[in-house]
Amino acid sequence: MATTYDFPSDLLAGQEELHQVRAELSALLKRLPWSVEPLDGFSDAGGWRKVERPASPGWSADEQAEVEKLRQRERELAVFVSTHRYWSEITGPDQVNARSELKRARQATDRETPPENA
């Protein structure tokens with residue numbers, strides 16, 4: 001039977017926010033042009049796979065600032081979660097397992113919570 005861990009609420013909240021920030025950053029990067037700076041498009045069919053990119057208008061100052069803000073918050077949260085005092089209570093392989101469980105804690109909670117309008 002799998003070990004269950006009693007994570008502190010601030011650690012769970014930090015991990016949840018880290019998931020959210022990473023998802024938001026990923027979605028933003030998918031919407032933005034492929035290059036930060038304006039660049040011409042290119043096509044390279046000579047490699048082992050064809051690579052094509054349209055011309056990139058680059059990112060605006062606001063877009064660059066938003067990406068940097070999200071990356072900074074992601075770093076802060078990653079440090080908070082990985083250096084939380086809770087980890088000093090667990091050692092060896094249990095610590096590795098607990099860290100893995102923390103990453104999935106949100107998903108397990110989502111599955112256990114019944115929909116309100118069911």
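This briefing walks through the fold, the helices, the salt bridges and the aromatic residues of one protein. Keep in mind that the model is predicted. The protein has three helices and two strands, and along the sequence these run in the order α-β-β-α-α. Of its 118 residues, 22% are buried.

**Overall picture**

- The protein exposes about 8,700 Å² of surface, and carbon and sulfur atoms account for 51% of that.
- Take the contacts between residues at least 6 apart in sequence: 62% of them join residues at least 24 apart.

**Helix H1**

- H1 covers residues 9–31, which makes 23 residues. At 1.5 Å a residue it should span 33 Å, and its end C-alpha atoms are indeed 33 Å apart, so the two values agree.
- The buried residues of H1 are Leu11, Gly14, Gln15, Leu18, His19, Val21, Leu25 and Leu28.
- Glutamine 15 is worth a look in the viewer. This H1 residue has a relative accessible area of 5%, so it counts as buried, the cut-off being under 20%.
- What does glutamine 15 touch, leaving aside its neighbours within four places in sequence? Its contacts are Val81, Leu102 and Lys103.

**Glutamate 66, between H2 and H1**

- Glutamate 66 sits in helix H2, which runs over residues 61–82.
- Once the neighbours within four places in sequence are set aside, glutamate 66 is in contact with Glu24 and Leu28.
- Leucine 28, one of the buried residues of H1, is 38 residues away from glutamate 66 in sequence, yet their C-alpha atoms are 8.8 Å apart in space.
- Is glutamate 66 buried or exposed? Neither, quite: its relative accessibility is 26%, so it counts as partly exposed.

**Salt bridges**

- The structure has eight salt bridges. The ones picked out below include residues of H2.
- Glutamate 66 pairs with lysine 69, and their closest N and O atoms are 3.6 Å apart. Both residues are in H2, three residues apart, or about one turn of the helix.
- The two ends of that bridge fall into separate classes: lysine 69 is exposed at 52% relative accessible area, while glutamate 66 is partly exposed at 26%.
- Arginine 73 bridges to glutamate 76, with the closest N and O atoms 3.0 Å apart. These two also lie in H2 with a spacing of three residues, about one turn of the helix.
- Arginine 73 is partly exposed with a relative accessible area of 31%, and glutamate 76 is partly exposed with 38%.
- That pair belongs to a wider arrangement: Glu17, Arg73 and Glu76 are linked in a network of salt bridges.
- The side chains of glutamate 68 and arginine 75 form another salt bridge, at 3.1 Å from N to O.
- Glutamate 68 has a relative accessible area of 41%, which makes it partly exposed. Arginine 75 is also listed at 41% and partly exposed.

**Aromatic residues**

- How many aromatic pairs are there? The count comes to five.
- For tryptophan 34 and phenylalanine 42, the ring centres are 5.7 Å apart and the planes are at 80°, so this pair is edge-to-face. The cut-off behind that label is an angle over 60 degrees.
- Tryptophan 34 is partly exposed, with 34% relative accessibility. Phenylalanine 42 comes out at 39% and is partly exposed as well.
- Elsewhere, Tyr5, Phe7, Tyr86 and Trp87 make up one aromatic cluster.
- Tryptophan 87 has a charged partner too: arginine 99 lies over the face of its ring, at 4.4 Å from the ring centre.

Conventions. Residues numbered from 1 in each chain as written. Predicted model: local features only at pLDDT ≥ 70, side-chain atom pairs only at ≥ 80, totals over all residues. Heavy atoms only, no water. Phe/Tyr/Trp six-rings, centres within 6.5 Å; stacked < 30°, edge-to-face > 60°. Buried < 20%, exposed > 50% of the residue type's maximum accessible area, 1.4 Å probe, protein only. Lys NZ or Arg CZ within 6 Å of the ring centre and 35° of its normal. Helix = DSSP H or I, 4+ residues; strand = E, 2+ residues; numbered from the N terminus. Contact = heavy atoms within 4.5 Å. Areas by Shrake-Rupley, 256 points an atom, 1.4 Å probe, with all protein chains shown as cover. Expected span 1.5 Å × (residues − 1). Salt bridge = Lys/Arg side-chain N within 4 Å of Asp/Glu carboxyl O.
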